[in-house]
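Reader: I'm new to this one and a bit lost. Could you pick a single part, look at it closely, and then show me how other parts compare in the way they're described?

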Amino acid sequence: MNFLIADTFTASFNRLSGQDQKAVKASVFDLQMDPTGNGLQLHRIDKSKDPNFWSVRVNRDVRLIVHKTGESMLVAYVDHHDDAYSWAERRRIEAHPRTGAVQIVEVRERVEEVAAPETLDFVIPEPQVADAPLPQLFASLDDDGLLSVGVPADWLADVRAATEDTFFALAEHLPAESSEALLEYAATGLLPKPPPAAADPFTHPDALRRIRPIADQEELEQALAFPWEKWGVFLHPSQRELTDRSFNGPARVAGSAGTGKTIVAIHRAVRLAREKPNARVLLASFSQPLADAMAKKLLVLAPETGGIIPRITTASFRGIAEQMYQLEYGVRPRIASDLVLRDRLGLAAKELQLKGFSERFLLSEWTNVIDAWGITTFEAYETVPRMGRKSRLGPNQRARLWPVFEAVKAGLAAERYTTWAQVFSDLADRLVSRSRRPFDHIILDEAQDLAPAELRFFAAMAPAKPDGLFLAGDVGQRIFQHPFSWAGLGVEVRGRSHTLKVCYRTSQQIRQAADHLLPLVLRDVDGLEDERRGIVSVFDGPAPIVETFSTAAEEAAAVGNAVASWLAEGVAAHEIGIFVRTPELVTRARAALMGIEGAAAITTAPMNLAKGLEFRAVSVMACDQGILPLDERVADAADEAELDDIYETERRLLYVACTRAREHLLLTGVLPASEYLNDFRVGARP
């Protein structure tokens with residue numbers, strides 16, 4: 001008998017007290033050991049339209065709802081007695097007649113019986129005035145079209161009557177695949193092509209999004225040990241297709257914030273390690289906190305004792321390079337800071353009597369050209385394309401500059417200094433000459449912020465075999481690196497690049513407002529386009545709020561009031577994040593939390609640390625003129641192209657911070673406010 005767990009169970013399980021959760025775990029373990037339910041108090045739920053729903057007595061008050069047939073035992077829900085029975089009475093579990101996927105369907109007539117008419121947001125009230133009726137979004141779709149995307153038969157009429165104002169309330173009652181397909185239709189005018197049918201309705205890609213087969217007791221124990229994030233464990237078919245697919249060369253998954261790129265990367269790592277018992281997998285991201293977060297999510301998907309986790313190495317880009325450098329040389333690299341580099345460049349320019357080039361220009365040229373591309377000779381510098389830099393340098397100018405850079409290189413080497421770019425380049429050169437690679441599969445998250453030397457390093461580390469290198473990233477979230485050609489470094493993903501279109505993390509209102517900060521189409525240096533039209537969020541929420549104030553004290557009071565209101569409506573303190581542009585401004589964020597109980601659990605951080613985080617409510621503070629974009633960066637631009645890139649990355653920083661929010665978003669600033677707020681206000685509540 002198949003033993004399965006539904007996402008509706010994991011969501012309801014996480015709402016129980018710790019004591020009740022322990023009792024539920026014991027009952028679920030007993031069921032898994034004996035799916036017939038012998039020895040447990042099982043009672044058929046007579047009022048349910050589905051004859052296969054049973055309740056299991058967990059303790060005096062808590063009841064487990066299971067769906068039991070001759071072939072399967074599905075753990076579907078858990079709650080206190082009356083609420084658990086009410087949930088089962090309003091649902092049925094069945095294979096959809098058209099798609100073949102098992103669905104947990106809310107029974108249409110039961111909805112009408114148990115809910116008062118005024119609470120049914122999807123029922124259009126009688127108009128008080130003779131306003132023009134809103135158009136029905138799906139009136140042109142026939143039954144065949146609606147059934148093809150998994151709409152249950154008894155909800156066809158409601159879907160066809162839905163308008164833009166009523167659809168999101170209706171979508172809460174529909175299976176996820178049908179609501180997402182209808183959202184895509186509303187955005188693009190096209191229904192997505194459904195995934196192919198499966199022989200087993202529980203293994204259909206749509207069913208696997210909400211129902212997880214449990215193979216043994218160890219897997220069940222691991223599953224119940226974590227508060228599952230539904231979007232992280234139950235994959236959308238587009239995510240599953242990329243997780244399971246094999247690629248003959250480097251491949252990339254793109255998508256705007258919240259579409260699950262990281263989840264695809266994590267699932268691919270587990271899948272490759274599971275299918276290939278001796279494979280070694282590297283799962284890396286931009287920073288160590290992001291790598292640590294991925295390591296925790298790995299444990300949700302695979303038991304520590306199953307032999308899979310030990311073969312997956314999680315690390316930051318620099319972390320894995322530092323480990324390999326130590327293995328190669330026996331010491332840690334001594335990295336020259338920007339302060340050291342600025343000082344050495346200034347001294348060399350003075351000694352060589354170089355005139356006409358500012359200190360800012362020298363540091364920028366070193367960082368973005370000489371060091372980034374591993375230039376070691378004048379011949380290489382003479383011919384390197386200075387991509388994205390408009391201050392053109394002719395042969396004579398480069399000839400004057402090169403002795404300065406050459407002197408700095410020699411000086412750093414004499415002091416046993418190196419740079420991260422040199423570390424990556426040196427390791428790449430050594431890897432290329434070796435037949436054996438340290439890993440069989442390389443999977444990189446936040447790949448949009450890879451520097452040229454870093455990409456060379458990982459490309460050299462990746463074996464030349466299927467699924468050797470997989471990259472996940474969003475051009476719209478590139479905030480640390482100048483754009484450059486991946487293909488020019490041998491990483492050609494054309495034809496193997498895919499974009500995710502369904503956003504799980506951020507509400508439709510927040511996502512739409514944040515998207516105004518970026519172009520509709522983002523194009524990288526290799527000509528690959530990241531199409532942001534047609535992205536849909538799977539849930540509705542309040543519009544983001546933009547407010548400006550005369551003083552920082554007024555701003556702090558308003559943010560404090562917003563945080564207090566979020567806490568009052570049930571948002572936990574650890575589910576709130578407050579972001580500012582620089583570390584120095586964190587004190588301004590903390591001032592807004594004075595006197596708020598539990599404020600210590602609220603995250604306050606600079607925007608550049610927002611990557612990979614997720615909160616129910618977010619406030620982005622100090623969006624003042626001179627802070628966004630940051631005056632220091634603008635003043636430090638070496639040329640016009642670098643200035644343009646600074647403005648773009650500052651805008652993307654704001655985008656990253658805003659898209660950490662799931663339900664609530666507040667942007668504030670002191671007058672005169674940042675120019676970016678004007679763009680964001682389109683689609684936000686002023």
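Author: Here's a walk that starts at one helix and then moves on to other packed pieces.

First, the ground rules: this is a predicted model, where local features need pLDDT of at least 70, side-chain atom pairs count only at pLDDT 80 or more, and totals for chains, interfaces and linings use all residues. Residues are numbered from 1 along each chain as its sequence is written, and side-chain values use heavy atoms, with hydrogens and water left out.

Let's start with helix H20, residues 452-461. Helices (H or I, at least four residues) and strands (E, at least two) are DSSP runs, numbered from the N terminus. H20 is mostly covered, with eight of its ten residues buried; buried means under 20% relative accessible area, exposed over 50%, and partly exposed in between (1.4 Å probe, protein chains only). The buried ones are Pro452, Ala453, Glu454, Leu455, Phe457, Phe458, Ala460 and Met461. What do they pack against? Strands S10, S12 and S13, plus helices H14 and H19. Contact here means heavy atoms within 4.5 Å.

H19 (residues 420-432) deserves its own look: its axis comes within 8 Å of that of H20, and the two cross at roughly 25°. That makes H19 roughly parallel to H20. Angles under 35 degrees count as roughly parallel, over 145 as roughly antiparallel, 65 to 115 as roughly perpendicular and the rest as oblique. The axes are lines fitted to C-alpha atoms, for helices over the stretch in contact, and angles run from 0 to 180 degrees between N-to-C directions. The crossing is left-handed, meaning the near helix is turned anticlockwise from the far one by less than a right angle; clockwise would be right-handed. On the H19 side, the residues meeting H20 include Phe424, Leu427, Ala428 and Leu431, and among those they meet in H20 are Phe457 and Ala460. By class, this contact has ten nonpolar, one polar and three charged residues. Ala, Val, Leu, Ile, Met, Phe, Trp, Tyr, Cys and Pro count as nonpolar, Asp, Glu, Lys and Arg as charged, and the others, Gly among them, as polar.

Now for another helix pair. H15 (residues 338-351) and H18 (residues 395-414) pack at an angle of about 125°, with their axes 9 Å apart. That makes H15 oblique to H18, and the crossing is right-handed. Leu341 and Leu345 are among the H15 residues in the contact, with Phe405 and Val408 among those from H18. This contact has ten nonpolar, no polar and one charged residue.

Strands next. Five of them form an open sheet in the order S19-S23-S22-S20-S21, with parallel pairing; two strands pair if DSSP finds at least two bridges between them. S19 (545-549) and S21 (603-606) sit at the edges with a single partner strand each, so one side of each has no neighbour in the sheet. The twist averages 20° from one strand to the next. Four bridges join S20 to S22, and Phe579 has Val620 in S22 as its bridge partner. Helix H22 (residues 552-568) packs on this sheet, touching S19, S20, S22 and S23.

Finally, a hairpin: S6 and S7 have six residues between them, and Gly100 in the turn has a positive phi of about 85°. They run antiparallel, joined by five bridges, with Ile93 partnered to Ile104. Five of the five residues of S7 (residues 102-106) are buried, so S7 is largely enclosed by the rest of the structure.
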